[in-house]
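Q: Please examine one part of this structure closely, and describe it for a reader who has not met it before.

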Protein chains: 2
Amino acid sequence: MVRSGQLARRCGTSASLVRKDLSYFGGFGIKGKGYRVESLIDSIEKILGINKPVGLVLIGVGNLGSAILRYLQSVPYFTILGAFDRDQKKWGKKVGRIEILPVLSLGDFLREHPAELGVIAIPPDGVQDVVNTLSEGGVKGVLSFALSELEVPEGMVLQFVDIAAELEFLYYKANKSKK
Amino acid sequence: MVRSGQLARRCGTSASLVRKDLSYFGGFGIKGKGYRVESLIDSIEKILGINKPVGLVLIGVGNLGSAILRYLQSVPYFTILGAFDRDQKKWGKKVGRIEILPVLSLGDFLREHPAELGVIAIPPDGVQDVVNTLSEGGVKGVLSFALSELEVPEGMVLQFVDIAAELEFLYYKANKSKK
DNA sequence: TAGATTGTTAATCGATTAACAATC
DNA sequence: TAGATTGTTAATCGATTAACAATC
């Protein structure tokens, strides 16, 4: 059992808001008691849609890509369908149990293995092509570590991870709270 | 020259809000014209505090740490003061122009080279110790890729990068917009 | 039953937008 | 001067909080 106040503390928000937000999706709690942890996890997984494994492909197996590839293999609700790189020397090698494939085979691969999400960890210049290929292959969401400016295909949700921006904002906050 | 509407499109917000937010910090624009790009960049850098180089240390030079280390060396307003790992085999090696040092020397190092920010890219178990050492060394902001639960020292701002959570939320958004 | 905590309503607060006077 | 766009005010909208009836 967990109470809304505990969840709030952990998430840096208020008990009211935790209850409000959860109740938006349904009454998951038990009055007078709180929320059963197991069933709450199940409910949230269902809300997010990750109650069944989500298939994903990763493009770019450099240092960053390898790290992500390894990490995601340890997350149960993600299934890595394939990893791709343009460097011939990497083809056939494995990171964990995932074999690296030529990036040029990505389009064909997606026809065989439909993926829900794509993760992009390549240098900025090739990103638009990869995004287009992913979109044509039916991928609906892409997380990119490359910060190139992009034409986002219709029906695709694209999100960036911008480490420099995170650090800039962190620095701003650290100095603000100092005063 | 750039107009508030252009900035808004790029940032996914409204022209009104761009003007409002900028004017909160000062009148950076020219009525009837827009914002001078160069001077706007300068102003924003000053707001964030990154107009002078920000010194940082990185702890954990695995795949992820190496990628970040390389990347941050290319960002002009960050200066990497040191990179640390607990693996003896890495000590003395370089990533770009940065030499890897023993993580046990971090405390001493910070006394010699005060750093503003820390980046943590190690496995979750050692994080609390590193955070404490950073805090004692005067580091005010930490960006962690390790998702361990932490006691955050007084006066420190801590921020996580949670790739699994990014992907979960991306998946939720991708499916929501499908409907 | 008494105590506790949810789900939800109404009240508050803050953030966004619309609109326009100021002015380049 | 005419046209354009900022900076800012007032109006709107949405998000958060406070409070409490419902109920385990």
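A: A nonpolar core is a set of buried Ala, Val, Leu, Ile, Met, Phe, Trp, Tyr and Cys residues joined through side-chain atoms within 4.5 Å. In this predicted model, the largest such core has 65 residues. Those with the most contacts inside the core are Leu72(A), Phe78(A), Leu167(A), Leu72(B), Phe78(B) and Leu167(B). Phe78(A) may serve as an example. Leaving aside residues up to four places away in sequence, Phe78(A) touches Val54(A), Leu56(A), Leu72(A) and Leu117(A) in chain A, and Ala164(B), Leu167(B) and Glu168(B) in chain B.

The surface near DNA strand C forms the second part of this account. Here 22 residues surround the strand, and the closest are Arg3(A), Ser4(A), Gly29(A), Tyr35(A) and Ser14(B). The residues of this surface divide into five nonpolar, nine polar and eight charged. Helix α2 (15-25) of chain A and helix α2 (15-25) of chain B each supply at least two residues, and α2(B) gives the most, with four.

Of the atoms of DNA strand C within 4 Å of the protein, 59% belong to sugar or phosphate, while the rest belong to bases. Individual polar contacts involve both kinds of group. In the side chain of Tyr35(A), an N or O atom is 2.7 Å from a phosphate oxygen of the strand. For Ser14(B), the distance from a side-chain N or O atom to a phosphate oxygen is 2.6 Å. The side chain of Arg19(B), by contrast, has an N or O atom 3.2 Å from a base nitrogen of DNA strand C.

Methods:
Residues numbered from 1 in each chain as written. Chains lettered and ligands numbered in written order. Predicted model: local features only at pLDDT ≥ 70, side-chain atom pairs only at ≥ 80, totals over all residues. Heavy atoms only, no water. Near = heavy atom within 4 Å. Polar contact = N/O pair within 3.5 Å; in protein donor to acceptor, adjacent residues only side chain to side chain. Nonpolar A, V, L, I, M, F, W, Y, C, P; charged D, E, K, R; others polar. Buried < 20%, exposed > 50% of the residue type's maximum accessible area, 1.4 Å probe, protein only. Contact = heavy atoms within 4.5 Å.
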